Amino acid sequence: MSGKYDDLLYLPHPVSTRHPRMSMEERAAQFAPFAALTGYEAVIQESARLTQERMEPNEEGKAELDQKLKLLLDSLPQHPELTVTYFVPDTRKAGGAYQTVTGNLQKIDLYHRMLVLGEDRRIPIEEILRLEGEVFQGLEPETR
């Protein structure tokens, strides 16, 4: 069987004088997959990220925190060391996370309702879940 284009089958491969030959890696890169939905992977990761719900202290817990804050106002000149557990709301979705930090109390900003620990950590009083430290050792066990 002889075909119409049989004379072309055995010609040498043409080599361009203007364009250099492409390496195998460069040729393969032309056919590599691409992200058709830009940002989709980030959205999936964000929706999979877990947050915690904010726990609201009961009346007894609120009274205990109030008592501890009053004690802190009295002992402010000594800059007592505190361990504070507080809620940090998530900026992107509902919920947030609880953080526990330890530091020396620098001041209580009653106008902005913030505790200032160390040089720059400002903690909103409304978000505090638990206050611990040696300054509270004098409290009765049922209110500690």
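These legends accompany close-up views of a predicted model.

**View 1. The largest nonpolar core brings together a helix and several strands.** This core holds 17 residues. Those with the most contacts inside it are Leu72, Val84, Leu105, Leu115, Ile123, Ile128 and Leu131. Helix α3 (59-74) and the strands β1 (81-89), β2 (96-109), β3 (114-117) and β5 (128-132) each supply at least two residues of this core.

**View 2. Leu105 and its surroundings.** Here we zoom in on Leu105, one of the residues with the most contacts inside the largest nonpolar core. Setting aside neighbours within four places in sequence, Leu105 touches Leu72, Leu76, His79, Pro80, Leu82, Leu115, Val116 and Leu117. Leu117 of β3 also stands opposite Leu105.

**View 3. The hairpin of β1 and β2.** The two strands run antiparallel and are joined by nine bridges. Look for Pro89, which stands opposite Gly96 in β2. Six residues lie between the strands, and Gly95 in the turn has a positive phi of about 100°.

**View 4. The hairpin of β2 and β3.** Four bridges pair these strands in the antiparallel sense. There are four residues between the strands, and in this hairpin Arg113 takes a positive phi near 55°. You will meet Arg113 again in View 6, as one of the residues nearest the centre of the largest pocket.

**View 5. Thr85, a buried residue in strand β1.** Thr85 counts as buried because its relative accessibility is 7%, and the cut-off for buried is under 20%. Leaving out neighbours within four places in sequence, its contacts are Tyr98, Gln99, Thr100, Glu127, Ile128, Leu129 and Arg130. Among them, Ile128 is also one of the residues with the most contacts inside the largest nonpolar core.

**View 6. The largest pocket.** Its volume is about 320 Å³. The elements giving two or more residues to the lining are α3, β2 and β5, and α3 gives the most, with five. In total, 20 residues line the pocket, with Leu65, Leu69, Arg113, Ile125 and Glu126 nearest its centre. By type, the lining has 13 nonpolar residues, seven charged and no polar ones.

**View 7. The second largest pocket.** This pocket encloses about 220 Å³ of space. Its lining is made up of His13, Pro14, Val15, Ser16, His19, Pro20, Arg21, Met22, Ser23, Met24 and Arg27. Five of the lining residues are nonpolar, four are polar and two are charged.

Technical notes: Residues numbered from 1 in each chain as written. Predicted model: local features only at pLDDT ≥ 70, side-chain atom pairs only at ≥ 80, totals over all residues. Heavy atoms only, no water. Core = buried A, V, L, I, M, F, W, Y, C linked by side-chain atoms within 4.5 Å. Buried < 20%, exposed > 50% of the residue type's maximum accessible area, 1.4 Å probe, protein only. Contact = heavy atoms within 4.5 Å. 1 Å grid on protein atoms, 1.4 Å probe; cavity = no way out; pocket = protein on both sides within 12 Å on 5 of 7 lines; lining within 4 Å. Points joined across faces, edges and corners; volume = space filled by probe spheres on them. Nonpolar A, V, L, I, M, F, W, Y, C, P; charged D, E, K, R; others polar. Pairing = 2+ DSSP bridges.
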